[in-house]
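Me: I should like to learn how to read side-chain contacts in a model. Please take me through them in turn.

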Amino acid sequence: MIKMRIMTGAYLFNDSKLLMMKRSKERAIAPNLWTGIGGHVEANEHSSPEESCLREIFEETGIRSNEIEGLELRYIVLRRSKDEIRQHYIYFGNTSKINFINSDEGTLHWIDFSEVLNLKMPLTVKYMIEHFSNNPDEQSVFIGSVNHSKMEWSCLID
């Protein structure tokens with residue numbers, strides 16, 4: 001039986017720096033790798049991944065929704081991992097808040113965006129950051145699916 005794992009993620013900018021998390025080596029998903037902020041969508045959040053994303057941002061950073069500007073859904077990433085399909089709603093936004101709380105998920109760091117792709121991260125994150133860096137002003141939502149260790153992108157249009 002194939003199960004679904006629905007998640008949200010956020011990448012927050014402060015000027016030219018991106019808030020990244022070095023995940024704890026004890027985490028089940030992406031241990032000891034660099035990712036954005038995020039986690040699982042709760043049952044009551046299925047109709048609003050943005051609510052889930054804002055909750056996760058607050059839980060993992062202490063940054064409140066009123067301290068975030070321009071939070072927009074930019075990517076929906078799909079991948080299969082054994083008997084699970086992972087669906088990940090990824091948002092990008094800005095914050096002027098530079099301080100954050102500690103989390104048992106990992107350690108947070110402001111990384112210059114020009115250096116982010118040098119970090120050790122899951123392939124899906126790397127593909128998405130590469131795509132974003134080549135299309136920083138694009139306001140469309142892109143769907144990415146992993147196919148034989150590469151990401152295929154489509155623009156989601158009405």
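The dialogue below treats disulfides and then salt bridges.

Reply: This is a predicted model, in which local features need pLDDT of at least 70 and side-chain atom pairs count only at pLDDT 80 or more, while totals for chains, interfaces and linings use all residues. Residues are numbered from 1 along each chain as its sequence is written, and side-chain values use heavy atoms, leaving out hydrogens and water.

Me: How many disulfides does a search of the whole structure find?

Reply: A disulfide is a covalent bond between the sulfur atoms of two cysteines. With the criterion of a pair of cysteine sulfur atoms within 2.5 Å, the search of the whole structure finds 0 disulfides.

Me: Why is cysteine 53 without such a bond?

Reply: Its closest cysteine sulfur, in cysteine 155, is 20 Å away, which is too far for a bond. Cysteine 53 is buried (under 20% relative accessible area, 1.4 Å probe, protein chains only; exposed is over 50%, partly exposed in between), at 1% relative accessibility. Cysteine 155 is partly exposed at 35%.

Me: Which residues are linked with arginine 55 in a network of salt bridges?

Reply: Side chains of opposite charge can pair when their charged atoms come close. The rule here requires a side-chain nitrogen of Lys or Arg within 4 Å of a carboxyl oxygen of Asp or Glu, and the count comes to 8 salt bridges. Glu42, Glu45, Glu56 and Glu59 share a network with Arg55. The N to O distance from arginine 55 is 3.8 Å for glutamate 42, 3.1 Å for glutamate 56 and 3.2 Å for glutamate 59. Glutamate 56 is buried at 7%, whereas glutamate 59 is partly exposed at 44%.
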